[in-house]
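Good morning, and thank you for the time on today's agenda. I would like to take the group through one structure, moving from a pair of helices to open and closed spaces and then to a few single residues.

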Amino acid sequence: MSISRRSVIKGTAAATAAAVAAPAILKASDALASSGQVNVFAWGDYVQDNMIKKFEGDTGIKINLSTFGSNDEAEQKLKAAGGKGFDVIFPSITNGANYYPDDLLAPLDESKLKVDAVVPSMLRDSVKLGGTYRGKRMLLPFDWGTEAITFDSTVFPLSNDEVSFGSLWAPEAKGKAAFRQKSALIGTGLYLDAIGKVKSDRMLDVYKTEEDARRVWDEVAKFIIERKANIAAFWNNATEATNAFKQAGASIGQTWDTTGLLLSRENAKWKYRMPKEGGMTWMDSMGIPSGAANTEQAYAFINAMLDPQMAGMFSSNTGYNSAVVGAANHAGETYKKQFLEIYNNDTLANLWWYPADTPWFAPLRQEYVDKITNA
């Protein structure tokens, strides 16, 4: 994938320096749809109480919030409903291709959106990641984050340059490692490629063809299963990831950034760091399902999420990085401090972006997830 993390960060810095007008917020009385409500389907930790209070206070539009814990869950629920039941959804942008063939998402009317509130480089790169379909904008960048290594530094006294996806499989991690199976297939693959054991073009081969994916994942799954004694817990959502450390006895794991950052806020022994192979990087987005009943309220909600103050509130709540210009200025000192501890020119230049999915990719990956889970 020819997307440079460095170019995105440069774009962020340049855009943050520019003055961006706050998005116009549609009042409920201005809406053309039939009700003053919006049905939002989001990741479990995305739309929190302080954000709901601000949106409803600013617009008079009531949020009906439903949540999901994985992209697979979101896709399956929207497919089962034929694109109906929700007005706004937050899929990972690389999953867009799974929605488009069944017309589950409606093209976005950019004239109704404050598109210039999005960091320009992210808006540009989102096209390559799957944010458009047949020349039309379908998904708008919302945030980005990483999946890397969270560890108890009193148990694993690792320096920043020692952290590796391979750290999960070291002998001293026996019974102490946690991960999401489908993510570990990538992270462990990056490690095995880096040490020359399983060549995969930095795991881009698994996106080329089913034959290439099987060649790589056969070896990765075998490596993991041979070391299954290291596994303390699997996780599939943010709550399960946190509980892996708090309840299941894990002291090192491959996690989303928010898990490590929030644990660190509670106790400084927890660290979240980029592995030497490169942190796995994702972008989530906002879209409008094709069966949305409250379209004007949906645009009002998306514009509210593009407000720098709201975006900063989101980053402060979760630890995720907003795609909105100027959001960091409203995210607080804790967020800023943690960002600078984790990301520098070297780690940002080395990040690994998830490529866009292909139709055969997810079912094949699930086959290997099942192998690991049932081993």
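I begin with two helices, α6 and α7, the latter covering residues 210-226; their axes come within 9 Å and cross at roughly 95 degrees. Angles of 65 to 115 degrees count as roughly perpendicular, and α6 and α7 are therefore roughly perpendicular to each other. Please keep in mind throughout that this is a predicted model.

Which residues make the contact between these helices? On the side of α6 they are A184, L185, I186, T188, G189, Y191 and L192. On the side of α7 they are W217, V220, F223 and I224. Sorted by class, this contact holds nine nonpolar residues and two polar ones, with no charged residues.

The loop that runs between α6 and α7 contains M203. Its phi is positive, at about 70 degrees, although M203 is not a glycine. As background, most residues other than glycine have a negative phi. Is M203 buried or exposed? With a relative accessible area of 0%, M203 is buried, since buried means under 20%.

A second residue may be set beside M203. D103 is also not a glycine, and its phi is positive, near 55 degrees. D103 sits in the loop between α4, residues 96-99, and β4, residues 105-106. Here the relative accessible area is 53%, so D103 is exposed; the cut-off for that word is over 50%.

I turn now to the open spaces. The largest pocket has a volume of about 510 Å³. It is lined by 33 residues, of which W43, G69, N71, R180 and W256 are the closest to its centre. Which elements supply at least two residues each to this lining? Five helices and one strand do: α3 (71-80), α6 (181-194), α8 (238-246), α9 (257-266) and α14 (361-374), together with β12 (280-286). Helix α6, which we met in the crossing with α7, thus also appears in the pocket lining. By class, the lining of the largest pocket divides into 13 nonpolar, twelve polar and eight charged residues.

Next come the closed spaces. How many cavities of 30 Å³ or more are there? The count comes to one, and about 50 Å³ of space lies within the largest cavity. Its lining consists of D257, L261, G319, N321, Y335, Q338, F339, I342 and Y343. Two elements, α9 and α12 (333-342), give two or more residues to that lining. Of these, α12 gives the most, with four residues. The classes in the cavity lining are five nonpolar, three polar and one charged. Helix α9 therefore has a place in both accounts, as it supplies at least two residues to the lining of the largest pocket and two or more to that of the largest cavity.

My last residue is G44, found in the loop between β1 (37-43) and α2 (49-59). The relative accessible area of G44 is 52%, so this glycine is exposed. Leaving aside neighbours within four places in sequence, G44 is in contact with T67 and F68. G44 and T295 stand 251 residues apart in sequence, and their C-alpha atoms are 22 Å apart in space.

That concludes the presentation, and I welcome questions.

Note on methods: Residues are numbered from 1 along each chain as its sequence is written. This is a predicted model: local features need pLDDT of at least 70, side-chain atom pairs count only at pLDDT 80 or more; totals for chains, interfaces and linings use all residues. Side-chain values use heavy atoms; hydrogens and water are left out. On a 1 Å grid over the protein atoms alone, a cavity is a set of points where a 1.4 Å probe fits but cannot get out, and a pocket is an open set with protein on both sides within 12 Å along at least five of seven lines; lining residues have an atom within 4 Å of a point. Grid points are joined across faces, edges and corners, and a volume is the space filled by probe spheres set on the points. Ala, Val, Leu, Ile, Met, Phe, Trp, Tyr, Cys and Pro count as nonpolar, Asp, Glu, Lys and Arg as charged, and the others, Gly among them, as polar. Axes are lines fitted to C-alpha atoms, for helices over the stretch in contact, and angles run from 0 to 180 degrees between N-to-C directions. Angles under 35 degrees count as roughly parallel, over 145 as roughly antiparallel, 65 to 115 as roughly perpendicular and the rest as oblique. Contact means heavy atoms within 4.5 Å. Buried means under 20% relative accessible area, exposed over 50%, partly exposed in between (1.4 Å probe, protein chains only).
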